[in-house]
Amino acid sequence: MEDYVVNWIFSGVVLWATTFMLIRRALPKRSFNFCNRIVSTIHASLAVSLSILSVQDWSCPVCPLASKSSQLQMKTLAITLSYMIYDFICCQFDKQMSIDNSVHHAVSIVGIGAGLSYEQCGSEMVAALWITEISSPFLHMREILKELGYKDTDLNLVFDMLFAVIFSLARMVGGPYLTYLTLMAENPILVKMMAMGLQLVSAFWFYKIVRMVRYKLTRKIASEKPAKDKS
């Protein structure tokens, strides 16, 4: 792994942690989770923007496959790896730590770390970054709105539905296609294993999201029936 990449990773971890602490100081009445989600939203927006800028061929956004990563792709992945390390550590202090989220972080850290070490498959990895992060701002806004007092409101439901739709299209349509391309290309076996692992985690989360949407819509319909009956 190039020295500049290592420097970006370590500097990034410090920067994300510093950002979190500044937000905690600025918003002392907000929860640990609230402040961390603001950091996560910043990263997701940055990651999506950088992954778009990292595309080498817009006629085939995931091309060239199994090729040497460009410097911009390496820096983009280093920034995300630093965030993943920060967030993995940060989540250990959160009261709501989940096993599936920890597995997702571990898979991402190993996968991105492997790609950076091999300096290969940058096109596939920035495409995966776009797919996995495009729905993240909506995920975090759902939880941020709840703490701001908008739980069970129409606004919160809008973000629930936007997150569900964008996640489903990105991870269950684009995700399997990208996983197939990654597995078929001449990529390192570790990268292939992490691609498959990430897709399995996405499938599990998709199952949970379908249940969430069903519950939300059922409750919404049930709450509207008494109002209609009274009218």
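Is Lys208 buried, partly exposed or exposed? Lys208 is partly exposed, with a relative accessible area of 39%. This residue belongs to a predicted model, so please read everything below as a description of that prediction. The protein has eight helices and zero strands, and seven salt bridges are counted in it. Let's start with the whole fold and then walk through some of its residues.

**The overall fold**

- Reading from the N terminus, the elements follow the order α-α-α-α-α-α-α-α.
- The radius of gyration is 19 Å, close to the 17 Å that the globule rule gives for 231 residues, so the protein is as compact as a globular protein of that length.
- Measured out along the principal axes, the C-alpha atoms fit a box of roughly 65 × 40 × 30 Å.
- Among contacts with a separation of 6 or more, 77% are between residues 24 or more positions apart.

**Surface and charge**

- Buried residues make up 46% of the 231 in the protein.
- About 12,500 Å² of the protein is exposed, and carbon and sulfur atoms supply 67% of that area.
- The protein has 22 positive and 17 negative charges, and the mean positions of these two groups lie 11 Å apart.

**A salt bridge between two helices: Asp100 and Lys208**

- Lys208, the residue from the opening question, meets Asp100 in a salt bridge, with 3.3 Å from N to O.
- Asp100 lies in helix 4 and Lys208 in helix 8 (residues 189-230), so this pair ties together parts that are 108 residues apart in sequence.
- Asp100 is buried because its relative accessible area is 16%, under the 20% cut-off, whereas Lys208 is partly exposed at 39%.

**A salt bridge between two loops: Glu119 and Lys68**

- Glu119 and Lys68 also form a salt bridge, and their closest N and O atoms are 2.9 Å apart.
- This pair links distant parts of the chain, 51 residues apart. Glu119 sits in the loop between helix 4 (99-118) and helix 5 (122-133), while Lys68 sits in the loop between helix 2 (32-53) and helix 3 (71-91).
- Are the two partners buried or exposed? Glu119 counts as buried, at 17% relative accessibility, but Lys68 is exposed, with a relative accessible area of 61%.

**A salt bridge within one helix: Glu143 and Lys146**

- The side chains of Glu143 and Lys146 come together in a salt bridge, at 3.4 Å from N to O.
- Both residues belong to helix 6 (residues 136-150), and because they are three residues apart there, about one helical turn separates them.
- Glu143 is partly exposed, with a relative accessible area of 23%, and Lys146 counts as partly exposed too, at 24%.
- Which residues are joined into one network by salt bridges that share partners? They are Arg142, Glu143, Lys146, Asp160 and Lys216.

**A buried residue: Asn36**

- Asn36 is found in helix 2.
- With 6% relative accessibility, Asn36 counts as buried, because buried means under 20%.
- Leaving aside residues up to four places away in sequence, Asn36 touches Phe20, Tyr86, Asp87 and Cys90.

Terms used. Residues are numbered from 1 along each chain as its sequence is written. This is a predicted model: local features need pLDDT of at least 70, side-chain atom pairs count only at pLDDT 80 or more; totals for chains, interfaces and linings use all residues. Side-chain values use heavy atoms; hydrogens and water are left out. A salt bridge is a side-chain nitrogen of Lys or Arg within 4 Å of a carboxyl oxygen of Asp or Glu. Helices (H or I, at least four residues) and strands (E, at least two) are DSSP runs, numbered from the N terminus. Buried means under 20% relative accessible area, exposed over 50%, partly exposed in between (1.4 Å probe, protein chains only). The radius of gyration is taken over C-alpha atoms; the globule rule is 2.2 Å times the number of residues to the power 0.38. Contact means heavy atoms within 4.5 Å. Accessible areas come from the Shrake-Rupley method with a 1.4 Å probe; for residues, only the protein chains shown count as cover. Lys and Arg count as positive and Asp and Glu as negative; His and the chain ends are not counted. The place of a charge is taken as NZ of Lys, CZ of Arg, CG of Asp or CD of Glu.
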